[in-house]
Amino acid sequence: MRIYHGSIEKVVSPEIRESNRTLDYGQGFYTTTSYEQAEAWVKRRMSEKRTSQGYVCVYELDKVALHDLKTLIFEQPTEEWVDFVMKNRTQKGYIHEYDIVYGPVANDRVYAAFALYEGGLINKQALIAELKAYKLVDQYLFHTEKALQTLTFIEAKEVK
């Protein structure tokens, strides 16, 4: 299966890097099955870094090797997904035990809905109902070095 990562550099050998911000599924290497989503990620990074060049890196994911890993899969927004995302976003230093986490991407519209939930303006059930109305793309987080072994670099497509 092909998956994509948007970056301002060619990422031939993915790494687990510490982030200076909280992320939906914790620290690790994020990818998606959507080329368009990866391209949007790299364009946002290009804008932030004020650079005119970036890449959508393409990988082959060895789905057979996934069976040997501890995975957490969210097919759609659920209470468990909301709780997991909130722990990663709000509990500094929160570490989970999964090699790979798969589920919906919290894009800008989702962030706004989460902000309403965090502020107590909507409850969890209202948040989930709203999120299910959105067409959400997916993301894979590779959280461990063992998980990264399931990826094979194919190519880096330049984005301008």
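## A walk through the model

Start with R2, whose bridge partner in strand β3 is E60. What you have open is a predicted model, in which local features need pLDDT of at least 70 and side-chain atom pairs count only at pLDDT 80 or more, while totals for chains, interfaces and linings use all residues. Residues are numbered from 1 along each chain as its sequence is written, and side-chain values use heavy atoms, with hydrogens and water left out.

**The sheet**

From R2, extend the selection to β1 and to β3 (residues 54–61), which pair in the antiparallel sense over 6 bridges; two strands are taken to pair if DSSP finds at least two bridges between them. Helices (H or I, at least four residues) and strands (E, at least two) are DSSP runs, numbered from the N terminus. Adding β7 gives an open sheet of 3 strands in the order β1-β3-β7, with antiparallel pairing. Its edge strands are β1 (2–7) and β7 (151–159), each of which pairs on one side only. On average, neighbouring strands of this sheet are turned by 25° against each other, direction ignored.

**The loop between β1 and β2**

Select I16 next, in the loop between β1 and β2. I16 is partly exposed, with a relative accessible area of 29%; buried means under 20% relative accessible area, exposed over 50%, and partly exposed in between (1.4 Å probe, protein chains only). Although I16 and L148 are 132 residues apart in sequence, their C-alpha atoms are 8.5 Å apart in space. Leaving aside neighbours within four places in sequence, I16 is in contact (heavy atoms within 4.5 Å) with residues including F29, F142 and L148.

Stay in the loop between β1 and β2 and move to D24, which is buried at a relative accessible area of 5%. The side chain of D24 makes a polar contact of 3.3 Å with the side chain of Q139. A polar contact is a pair of N or O atoms within 3.5 Å; within protein, one must be able to donate a hydrogen and the other to accept it, and residues adjacent in sequence count only if both atoms are side-chain atoms. The C-alpha atoms of D24 and F84 are separated by 8.0 Å, with these positions 60 residues apart along the chain.

**Strand β2**

Now go to T31, in strand β2 (residues 29–31). T31 counts as buried because its relative accessibility is 0%. Not counting residues up to four places away in sequence, T31 touches I3, Y4, H5, W41, D138, Q139, Y140 and F142.

**Helices α2 and α4**

Show helix α4 (residues 124–133) and colour its buried residues, which are K124, L127, I128 and L131. They lie on the same side of α4, because they cover an arc of only 95° around the axis, the arc being that of the directions from the helix axis to the C-beta atoms. At the start of α4, a side-chain oxygen of N123 reaches to within 3.1 Å of the backbone nitrogen of Q125.

Then add helix α2 (residues 79–90), whose axis comes within 10 Å of that of α4 and crosses it at roughly 100°. That makes α2 roughly perpendicular to α4. At this crossing, E79, W81, V82 and D83 in α2 meet K124, Q125, L127, I128 and L131 in α4.

**Helix α3**

Finish at L116 in helix α3 (residues 108–118), which counts as partly exposed at 33% relative accessibility. Not counting residues up to four places away in sequence, L116 touches L121 and I122.

Technical notes: Axes are lines fitted to C-alpha atoms, for helices over the stretch in contact, and angles run from 0 to 180 degrees between N-to-C directions. Angles under 35 degrees count as roughly parallel, over 145 as roughly antiparallel, 65 to 115 as roughly perpendicular and the rest as oblique.
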